[in-house]
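Ready for a walk through a protein model? Open your viewer, keep the selection tool at hand, and follow along one stop at a time.

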There are 2 protein chains.
Amino acid sequence: MQRELFIKMVLDAWQTQIKRADDLFNELPDDQLMMEVSPGRNRGVYLLGHLAAIHDRIFRLLNVGEEINPGMYEIFVASPDKSGVKIPSISELKLYWKKVNAKLTEQFNKLSTDEWFQRHTSVSEEDFKKEPHRNKLNIIITRTNHLASHWGQLVFLKPKNQE
Amino acid sequence: MQRELFIKMVLDAWQTQIKRADDLFNELPDDQLMMEVSPGRNRGVYLLGHLAAIHDRIFRLLNVGEEINPGMYEIFVASPDKSGVKIPSISELKLYWKKVNAKLTEQFNKLSTDEWFQRHTSVSEEDFKKEPHRNKLNIIITRTNHLASHWGQLVFLKPKNQE
């Protein structure tokens with residue numbers, strides 16, 4: 001019972017941040033998303049792709065499948081913004097973002113309580129014995145904070161009086 | 001045992017974000033902290049005070065004491081930046097930030113496993129029966145995300161090539 005409660009706490013926090021990012025992406029016009037979040041920094045469109053690509057890696061970390069679009073990692077994680085690499089359109093990226101998060105929710109709902117407390121795929125069995133906190137649920141905690149950090153930047157694309 | 005593990009997962013994520021913010025505040029010269037994180041947005045000094053004041057409210061939410069400096073809430077939460085309200089110096093605010101977080105760590109270490117899963121003070125006993133996830137540990141999860149969001153903004157005060 002306590003374990004289910006804990007999983008709910010972590011997934012609620014994740015969904016809160018996803019909702020907040022969804023609302024922002026829905027609200028920002030495409031020309032705003034093409035702007036840098038602050039002078040000389042990443043553009044909104046890059047952060048959209050970056051977040052989606054990082055989330056797309058979660059399937060593999062939880063051992064529940066592979067990336068929906070593995071090529072995105074190279075563009076939005078391995079390469080910085082404005083590197084000259086061609087990026088997909090905003091509408092494609094928005095669709096990718098939605099697909100990844102929807103499929104993640106689907107997979108989250110399928111994981112059993114025991115599975116959430118099993119090791120994620122980037123920790124070895126040996127290390128996991130010593131560090132049992134490096135479980136699948138912990139991936140969600142760290143990725144929620146990652147999302148929150150970039151949301152804090154993306155919000156600068158909104159007009160100042162609406163911040 | 002599982003409950004101790006959850007608590008560790010949540011507190012580790014908190015301490016990771018605190019460390020990241022500490023490093024940034026230590027690294028940024030005062031004149032950088034006096035700048036807006038992005039044109040027309042909050043200044044670094046305001047976000048420093050804001051984070052410290054929000055963290056200072058946690059004692060009360062966990063029912064482990066009162067604010068170290070209750071007056072800070074008015075300046076850094078109830079009032080926006082550049083409102084004309086006089087704010088303390090950067091060195092005072094850095095000291096306040098450190099004191100609050102150190103005392104929080106002290107209190108976190110004193111809370112028993114059972115206490116972490118008890119209701120926080122802004123939820124009624126009645127609501128808590130229906131929503132047992134609104135416990136003390138959940139406060140730490142949400143405040144960690146709050147800190148991560150503002151860290152994402154504060155990092156813009158660093159020179160671009162060091163981001």
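**Stop 1: the long first helix of chain A**

Keep in mind on this tour that you are looking at a predicted model. Begin by selecting residues 2–27 of chain A, which form helix α1. Show the side chains of Phe6(A), Ile7(A), Met9(A), Val10(A), Ala13(A), Trp14(A), Gln17(A), Ile18(A), Ala21(A) and Phe25(A): these are the buried residues of α1(A).

What do these buried residues pack against? Within chain A, their partners are α3 (44–56), α6 (90–110), α7 (113–116) and α9 (136–154). Across in chain B, they also pack against α1 and α9.

Now try a distance check on the helix. With 26 residues at 1.5 Å a residue, α1 of chain A should span 38 Å. The C-alpha atoms at its ends are 37 Å apart, which agrees.

**Stop 2: the whole of chain A**

Zoom out and colour chain A by secondary structure. You should find nine helices and zero strands. Read from the N terminus, the order of elements is α-α-α-α-α-α-α-α-α. The radius of gyration is 17 Å, close to the 15 Å from the globule rule for 163 residues, so chain A is as compact as a globular protein of that length.

Turn the chain around in your window: along its principal axes, the C-alpha trace spans about 45 × 35 × 25 Å. Of the 163 residues in chain A, 38% count as buried. Among contacts in chain A with a separation of 6 or more, 63% are between residues 24 or more positions apart.

**Stop 3: an enclosed helix**

Next, select residues 44–56 of chain A, helix α3. From first C-alpha to last, α3(A) reaches 18 Å with its 13 residues, close to the 18 Å expected at 1.5 Å a residue.

Why is α3(A) described as largely enclosed by the rest of the structure? Twelve of its 13 residues are buried, so the surroundings close around most of this helix. Those buried residues include Gly44(A), Tyr46(A), Leu48(A), His50(A) and Asp56(A). To see what they pack against, show α1, α2 (30–33), α4 (58–62), α5 (71–78), α6 and α9 of chain A.

**Stop 4: the nonpolar core**

Stay on α3(A) and pick out Leu48(A), one of its buried residues. Setting aside neighbours within four places in sequence, Leu48(A) is in contact with Phe25(A), Leu33(A), Leu93(A) and Trp97(A).

The largest nonpolar core has 86 residues. Which of them touch the most other members? They are Val10(A), Leu48(A), Ala52(A), Val10(B), Leu48(B) and Ala52(B). As background, nonpolar side chains tend to be buried together in soluble globular proteins.

**Stop 5: a buried valine in chain B**

Move to chain B and select Val100(B), in helix α6 (residues 90–110). Is Val100(B) buried or exposed? It has 23 C-beta neighbours inside 10 Å, so Val100(B) counts as buried. Not counting residues up to four places away in sequence, Val100(B) touches Ala52(B), His55(B), Asp56(B) and Ile68(B). For a distance across the chain, pick the C-alpha atoms of Val100(B) and Asp31(B): they are 23 Å apart, with these positions 69 residues apart along the chain.

**Stop 6: an unusual backbone angle**

Go back to chain A and find Asn63(A), in the loop between α4 and α5. Its phi is positive, about 65°, although Asn63(A) is not a glycine. Asn63(A) is partly exposed, with 13 other C-beta atoms within 10 Å.

Then look at Asn63(B), in the loop between α4 (58–61) and α5 (71–78) of chain B. Phi of Asn63(B) is positive too, near 60°.

**Stop 7: where the chains meet**

Finally, show both chains together. In the contact between them, 29 residues of chain B meet 27 residues of chain A. On the chain B side, α1 (2–27) and α9 (136–154) each supply at least two residues. The most come from α9(B), which gives twelve. By type, this side of chain B divides into eleven nonpolar, 13 polar and five charged residues.

How are the two copies related? Chain B superposes on chain A by a rotation of 180° with 0.0 Å of shift along the axis (RMSD 0.0 Å). The copies are thus related as by a two-fold rotation axis. To find that axis, select Ser149(B): its C-alpha is the nearest to the axis in chain B, at 2.0 Å. Of the interface residues of chain B, 93% are also interface residues in chain A, so the copies meet through the same surface.

Key. Residues are numbered from 1 along each chain as its sequence is written. Chains are lettered from A and ligands numbered from 1 in the order in which they are written. This is a predicted model: local features need pLDDT of at least 70, side-chain atom pairs count only at pLDDT 80 or more; totals for chains, interfaces and linings use all residues. Two residues are in contact if their C-beta atoms, placed from the backbone, lie within 7 Å. Helices (H or I, at least four residues) and strands (E, at least two) are DSSP runs, numbered from the N terminus. Ala, Val, Leu, Ile, Met, Phe, Trp, Tyr, Cys and Pro count as nonpolar, Asp, Glu, Lys and Arg as charged, and the others, Gly among them, as polar. The expected span of a helix is 1.5 Å times one less than its number of residues. A residue is buried if 20 or more other C-beta atoms lie within 10 Å of its own, exposed if 12 or fewer, and partly exposed in between; C-beta atoms are placed from the backbone. A nonpolar core is a set of buried Ala, Val, Leu, Ile, Met, Phe, Trp, Tyr and Cys residues joined through C-beta atoms within 7 Å. Copies are superposed by least squares on the C-alpha atoms of residues with pLDDT of at least 70 in both. The radius of gyration is taken over C-alpha atoms; the globule rule is 2.2 Å times the number of residues to the power 0.38.
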